Every structure is written in structure tokens, then in C-alpha cells.
Amino acid sequence: MKIKLVGLMVSGLLAASSMAMAQGQTGEQPAAQAAEQLGLKEVTGRVIDVKEDHLILDINGVATPFYVHHETMLQGKRTKVDQPIHHQLKKDFKAGDNVTVSYELRKDRNHAMSINKR
């Protein structure tokens, strides 16, 4: 009886996945959609200034700060704990760079989870 039940469950899962594939739903999602599902927001803007612990970006004409911490990914790499964030920001970004930031809002601050040049 258990074998039949498991067999039915497996065949149901296979049928559902093949229907999704037939409809073009491969399970791959754009980065913005995946970030949104994790509770993150994503925005693109131009770097105005690099500060001690944050970048200030021009987002549609509004100067917006994005705070960086040691969990933030800069250019696909985690920030180094043994180096000040400011040095890492200055090395990777300068005024005028176009960047995409994935962030979350914590206590009325934009906390960057990843920052990448475009």
C-alpha cells in the first residue's frame, strides 16, 4: 500500500513538472523576481558619492543612501571582514558608476545586500 501511495505521489509530481515545462515555466526567474521573493527590492542608479559605510545613489533624481555591511556582496564577492568597508567601497565604486543594488529596508534604512556595476 505504501509503495502504491509513493508511486502515485511521484507520478503526480512528474505530471505537474512536465505541464509546467510545456507551458514554458522552467523554474528560472529573473534576478529581480528572485530577489523580490526573498523580501529584497532592487533598484538601479548612478553613484553620487562613496561614504564611510554607505553609497549615495541618484535614483530618479533623488539622492538615496544604501548602507553596506559585512554581509553585503560587492561585485559578486562578500566584503572582507578584516578590511574597513570604506576601503572596499572606494576600490570598487566611484562617482558616476551605474550600479544595481538589491536591498532590504531595516529600521528606516536601505541595507544593501548586493551592489554590482552595470
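What follows walks through a strand hairpin, a nonpolar core and a threonine in a predicted model.

The hairpin comes first. Strands β2 (residues 54–59) and β3 (residues 62–67) run antiparallel and are held in register by six bridges. Within this pairing, Ile-56 sits opposite Pro-65 of β3. Just two residues lie between the strands of the hairpin, and Asn-60 there adopts a positive phi near 50°.

Strand β2 also turns up in the largest nonpolar core, which has 17 residues; those touching the most other members are Leu-55, Leu-57, Phe-66, Leu-89, Val-101 and Ile-115. Two or more residues of this core come from each of β1 (41–50), β2, α3, β6 (98–106) and β7 (109–117). Leu-89 is worth a closer look. Setting aside neighbours within four places in sequence, Leu-89 is in contact with Val-50, Lys-51, Asp-53, His-54, Leu-55, Val-68 and Leu-74.

Then there is Thr-79, which belongs to the loop between β5 (77–78) and α3 (85–92). Despite being a loop residue, Thr-79 counts as buried because its relative accessibility is 4%, and the cut-off for buried is under 20%. A polar atom of the Thr-79 side chain lies 3.2 Å from the backbone oxygen of His-69. His-69 is also among the residues that Thr-79 touches, once those up to four places away in sequence are left out; the others are Val-68, His-70, Glu-71, Thr-72, Leu-74 and Gln-88. Val-68 and Leu-74 thus appear in the contact lists of both Thr-79 and Leu-89.

Conventions. Residues numbered from 1 in each chain as written. Predicted model: local features only at pLDDT ≥ 70, side-chain atom pairs only at ≥ 80, totals over all residues. Heavy atoms only, no water. Pairing = 2+ DSSP bridges. Helix = DSSP H or I, 4+ residues; strand = E, 2+ residues; numbered from the N terminus. Buried < 20%, exposed > 50% of the residue type's maximum accessible area, 1.4 Å probe, protein only. Polar contact = N/O pair within 3.5 Å; in protein donor to acceptor, adjacent residues only side chain to side chain. Contact = heavy atoms within 4.5 Å. Core = buried A, V, L, I, M, F, W, Y, C linked by side-chain atoms within 4.5 Å.
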